[in-house]
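Work through the exercises below with the coordinates open. Each task is followed by a stepwise solution.

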Amino acid sequence: MDKLMPKWSSIESVPENYIFPPETRPGDIKIPICHSIPVIDLSEAENGDRTNTIQKMIKAAEEFGFFQVMNHGIGENEMKETMSVFKEVFQLPDVYDHNLYPDDSTKTCKKFTSTYHYDTEKVHLWRESLRHPTYPLEEWQHLWPENPASYRKCVGEFSIKIKELGSRIMNLISEGLGLECGYFENDLSGSMIISANHYPPCPNPDLTLGILKHFDAYLITILLQDDISGLQVLKDGEWIGVEALPHAFVINIGYALKIISNGKLQSAEHRAVTNSTHDRTSVAFFIAPSGDSSIEPAQCLIDEHNPLIFKSFKFKDFLSRFFEKHGDMEKVMKSFEVPDEIL
Ligand SMILES: O=C(O)CCC(=O)C(=O)O
Ligand SMILES: [Fe+2]
């Protein structure tokens with residue numbers, strides 16, 4: 001099979017180099033949608049029930065590392081319009097040109113099939129992706145795709161709203177953890193990255209994956225998804241499906257926030273599966289620390305019952321290790337965990 005997959009829809013069965021080994025492929029067991037992943041109504045926090053909202057959020061972050069938010073203040077039309085711009089991106093012919101950006105380190109905006117490591121990876125993912133830095137807008141917006149023509153304006157306006165939503169959620173989490181007001185403001189949430197995924201319909205969804213099991217590396221991820229489900233979360237060793245709820249965003253705790261909370265909040269592994277009948281599009285907005293900011297457990301979360309488990313480090317060092325080790329957290333964290341003997 002060629003490295004380009006110009007017409008996903010004409011492929012009748014998944015080519016060999018998209019078939020995952022039995023232990024990582026989804027298999028033909030149907031994973032049910034889990035209705036216990038909490039759905040948090042953010043308007044309650046504004047209407048006087050802040051404490052209750054915070055408690056729900058912290059509990060969800062401890063138990064699942066995942067929750068959804070509704071009544072978050074971003075309009076249905078804006079969500080629809082932005083989703084359709086991203087869908088359009090993946091209709092454009094240049095997305096099939098795999099060599100467009102990913103191997104060019106001078107390009108900050110990358111469109112690719114599978115992953116950046118297409119040429120060296122053993123098995124490819126059944127997805128196309130567009131990834132670029134987003135915030136601060138003035139630093140990046142002029143480097144974003146020029147097509148579709150509305151991309152920069154629409155995604156720019158939407159990103160400002162997502163950044164505000166991210167700050168609201170981080171303030172609630174910060175309060176719930178007992179951290180000082182504004183703990184995550186400035187450098188700790190000084191950056192934002194967009195990673196948009198398109199998963200074409202797949203003839204054998206049991207054999208391949210849209211995204212392999214992974215942790216997100218950042219503070220939180222705010223996920224905009226269309227009405228097709230495909231996201232699955234690992235909970236107590238079992239996969240559970242996340243519902244595609246209209247007008248909601250899926251929020252998950254990234255590894256950097258797990259570290260800052262000294263392991264109190266969970267960062268859960270998750271993956272995306274495909275299906276045989278529908279395209280699926282999702283857009284992850286990663287709220288991220290600036291590269292030079294120091295990541296370390298918050299002092300007030302350390303006491304004799306909760307000893308320090310992570311060392312302090314620069315976020316950019318963590319990220320380069322994260323990518324170098326392909327997100328394998330056991331290997332990544334070897335250099336950032338406090339060794340047992342000094343606990
Ligand atoms: O497509 C999805 O639902 C998951 C996306 C995701 O996990 C990611 O982009 O990190
Ligand atoms: Fe993810």
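### Exercise 1: Ligand 1 and its polar partners

Start from one pair: the side chain of H270 has an N or O atom 3.1 Å from an oxygen atom of ligand 1. The model is predicted.

**Task.** Find which other side chains place a polar atom by an oxygen atom of ligand 1, among them H214 and S282. Then state how much of the ligand the protein buries.

**Solution.**
1. Take H214. An N or O atom of its side chain is 3.1 Å from a ligand 1 oxygen.
2. Take S282. Its polar side-chain atom sits 2.6 Å from an oxygen of ligand 1.
3. Compute the cover. Ligand 1 alone exposes 300 Å², and the protein buries 96% of that.
4. List the surroundings. There are 13 residues around ligand 1, and the closest are Y199, H214, H270, R280 and S282.

### Exercise 2: The iron site

**Task.** Which protein atoms are the donors of the iron ion (ligand 2), and how are they spaced along the chain?

**Solution.**
1. Search around the metal with a cut-off of 2.8 Å for N, O and S atoms.
2. The protein donors are NE2 of H214, OD of D216 and NE2 of H270, at 2.1 to 2.2 Å from the iron ion.
3. Read the spacing: H-x1-D-x53-H.
4. Place the histidines. H214 is in strand β6 (residues 211-214) and H270 is in strand β11 (residues 270-272), so the pair ties together parts 56 residues apart in sequence.
5. Classify their exposure. Buried means under 20% relative accessible area. H270 has 5%, so H270 is buried. H214 has 22%, so H214 is partly exposed.

### Exercise 3: T221 beside a donor

**Task.** Is T221 buried or exposed? Which side chain does the T221 side chain meet in a polar contact?

**Solution.**
1. Locate T221: strand β7 (residues 220-225).
2. Its relative accessible area is 2%, so T221 is buried.
3. The T221 side chain makes a polar contact of 2.7 Å with the side chain of D216. D216 is also a donor of the iron ion.
4. Skip neighbours within four places in sequence. T221 then contacts D216, V250, I251, N252, A284, F285 and F286.
5. Check F286. Its C-alpha atom is 4.6 Å from that of T221, although the two are 65 residues apart along the chain.

### Exercise 4: The nonpolar cores

**Task.** Which members of the largest nonpolar core touch the most other members?

**Solution.**
1. This core has 85 residues; I169, I173, I220, F249 and F318 touch the most other members.
2. Helix α5 (residues 151-177) supplies the largest share, 11 residues.
3. A second, separate core has 7 residues, including W8, Y18, Y118 and W126.

Definitions and conventions:
Residues are numbered from 1 along each chain as its sequence is written. Chains are lettered from A and ligands numbered from 1 in the order in which they are written. This is a predicted model: local features need pLDDT of at least 70, side-chain atom pairs count only at pLDDT 80 or more; totals for chains, interfaces and linings use all residues. Side-chain values use heavy atoms; hydrogens and water are left out. A nonpolar core is a set of buried Ala, Val, Leu, Ile, Met, Phe, Trp, Tyr and Cys residues joined through side-chain atoms within 4.5 Å. Buried means under 20% relative accessible area, exposed over 50%, partly exposed in between (1.4 Å probe, protein chains only). Helices (H or I, at least four residues) and strands (E, at least two) are DSSP runs, numbered from the N terminus. Donors are N, O and S atoms within 2.8 Å of the metal (3.2 Å for Na, K and Ca); water is not among the atoms, so sites may look incomplete. A residue is near a molecule or strand if one of its heavy atoms lies within 4 Å of it. A polar contact is a pair of N or O atoms within 3.5 Å; within protein, one must be able to donate a hydrogen and the other to accept it, and residues adjacent in sequence count only if both atoms are side-chain atoms. Accessible areas come from the Shrake-Rupley method with a 1.4 Å probe; for residues, only the protein chains shown count as cover. Contact means heavy atoms within 4.5 Å.
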